[in-house]
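This report goes through the strands, helices, charged pairs and surface of one protein chain. Please keep the sequence and the structure in view while reading.

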Amino acid sequence: MRLENLNVDSLDPHRLAAFWAATLDAETVTAEEDLVEIRVTLPEGRFLDLCFERVPDPSPAKSRVHPDLTGGARQHEVVDGLLGLGATPADIGQGDPPWVVLADPEGNAFCVMDDREAYRGTGVLASLVLEGTDPARDADFWAVATGWERVEGVAPASLRHPSGTGPLLEFLPESDPKRGKNRMHLDVRPGPDDGPVASRLKAAGAQLLVDHPDWPWSTWADPSGNEFCILSPSRDA
């Protein structure tokens, strides 16, 4: 299985995708009226797509899934560039940490990280962060869902692709109880030889939310209730 998408509910998919494409140096792979997909190229032929789908009424609740960007020694320069692209400073009760919290043009919060060893070699995208009720348990679940491995990091629990390259998955304790659908969620795609993926993830703690016979995906919740989708299996060997 591979972690394939970060989905973002969007009022204006084209505007939001343009911001994130410029931010992540990503290429557009789909551009429809209500859906724009951009692709972040990762090492060893891997990729992560960000999918911006038009949703007339995105949840007003805080999303417990968000991206963090690499800042490092250039943190202030990176922040200035993002402000020029349309980001705004954000206060989510973070206090005065060494990272900088911004919001994209639709108010989705993300962080620009300070210089940390954990983010060496990640590229522009430092990590994808998931808040939950039990970070260690959630990391165990997502290790099953992605095949990524535990690594030392700055979060209570972190995963990374077995190659040791690309962004991290970081698991934090929830700052507030979940109060509605996340605006952002992850998608995983099984490979052709992965077998009964749904049953494995259910055994690991996933809960089925929607399985429509006409859709090429099913919607689930991880053990902390964060939504994710299992896409139809890849045909690539």
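Which residue in S15 is the bridge partner of Gln-207? In this model, which is predicted, the partner of Gln-207 is Ala-221.

## The S14–S15 hairpin and its surface patch

The bridge between Gln-207 and Ala-221 belongs to the pairing of strand S14 (residues 207–210) with S15, which is antiparallel and extends over three bridges. The connection from S14 to S15 is a hairpin of six residues.

Leu-209, Val-210, Trp-215 and Trp-217 together make a nonpolar surface patch of about 360 Å². Of these residues, Trp-217 is found in strand S15 (residues 217–221), and Trp-217 counts as partly exposed because its relative accessibility is 34%, a value that lies between the limits of 20% for buried and 50% for exposed.

## The sheet that contains S14 and S15

S14 and S15 are part of an open sheet of eight strands, whose order is S2-S3-S4-S1-S13-S16-S15-S14 and whose pairing is mixed. S2 and S14 are the edge strands, each of them pairing on one side only, and from one strand to the next the twist averages 30°. Within this sheet, strand S13 (residues 184–189) and strand S16 (residues 227–231) run parallel and are joined by three bridges, and the bridge partner of Leu-186 in S16 is Phe-228.

Two helices pack on this sheet. Helix H1 (residues 13–24) touches strand S1 (2–10), strand S3 (35–41) and strand S4 (47–54), with a direction that makes about 160° with that of S4. Helix H4 (residues 197–204), for its part, touches S15 and S16, and its direction makes about 155° with that of S16.

## A second open sheet

Eight strands form another open sheet in the order S6-S7-S8-S5-S9-S12-S11-S10, again with mixed pairing. Its edge strands are strand S6 (88–89) and strand S10 (149–151), each of which pairs on one side only.

Strand S5 (residues 65–69) pairs with strand S9 (residues 125–132) in the antiparallel sense, over five bridges, and Leu-69 stands opposite Leu-125 in S9. Helix H3 (residues 135–146) lies across S9, S10, strand S11 (157–160) and strand S12 (168–173), and runs at about 150° to S12.

## Val-29 and its surroundings

Val-29 is placed in strand S2 (residues 27–31), which is one of the two edge strands of its sheet. Val-29 counts as partly exposed because its relative accessibility is 35%. When residues up to four places away in sequence are not counted, Val-29 touches Glu-37, Ile-38, Arg-39 and Asp-49. Between Val-29 and Phe-171 there are 29 Å in space, C-alpha to C-alpha, and the two are 142 residues apart in sequence.

Two of the residues touched by Val-29, Arg-39 and Asp-49, have side chains that meet in a salt bridge (2.7 Å, N to O). This pair links distant parts of the chain, with Asp-49 in strand S4 and Arg-39 in strand S3, ten residues apart. Asp-49 counts as buried because its relative accessibility is 4%, whereas Arg-39, at 26%, counts as partly exposed.

## Other salt bridges

Side chains of opposite charge can pair when their charged atoms come close. The count of salt bridges in this model comes to 14. One of them is formed by the side chains of Lys-181 and Asp-9, at 2.7 Å from N to O; this pair links distant parts of the chain, with Lys-181 in the loop between S12 and S13 and Asp-9 in strand S1, 172 residues apart. Lys-181 is partly exposed, with a relative accessible area of 39%, while Asp-9 counts as buried at 8% relative accessibility.

The side chains of Lys-62 and Glu-131 also meet in a salt bridge, at 3.0 Å from N to O. Here Lys-62 lies in the loop between S4 and S5 and Glu-131 in strand S9, so that the pair links distant parts of the chain, 69 residues apart. Lys-62 is partly exposed, with a relative accessible area of 41%, and Glu-131 counts as buried at 8% relative accessibility. In addition, Arg-2, Glu-4 and Arg-189 are joined into one network by salt bridges that share partners.

Conventions. Residues are numbered from 1 along each chain as its sequence is written. This is a predicted model: local features need pLDDT of at least 70, side-chain atom pairs count only at pLDDT 80 or more; totals for chains, interfaces and linings use all residues. Side-chain values use heavy atoms; hydrogens and water are left out. Two strands pair if DSSP finds at least two bridges between them. Helices (H or I, at least four residues) and strands (E, at least two) are DSSP runs, numbered from the N terminus. Contact means heavy atoms within 4.5 Å. Axes are lines fitted to C-alpha atoms, for helices over the stretch in contact, and angles run from 0 to 180 degrees between N-to-C directions. Patches are made of residues with over 30% relative accessible area and no salt bridge: like charges are joined within 9 Å, nonpolar side chains (Val, Leu, Ile, Met, Phe, Trp, Tyr) within 5 Å. Accessible areas come from the Shrake-Rupley method with a 1.4 Å probe; for residues, only the protein chains shown count as cover. A salt bridge is a side-chain nitrogen of Lys or Arg within 4 Å of a carboxyl oxygen of Asp or Glu. Buried means under 20% relative accessible area, exposed over 50%, partly exposed in between (1.4 Å probe, protein chains only).
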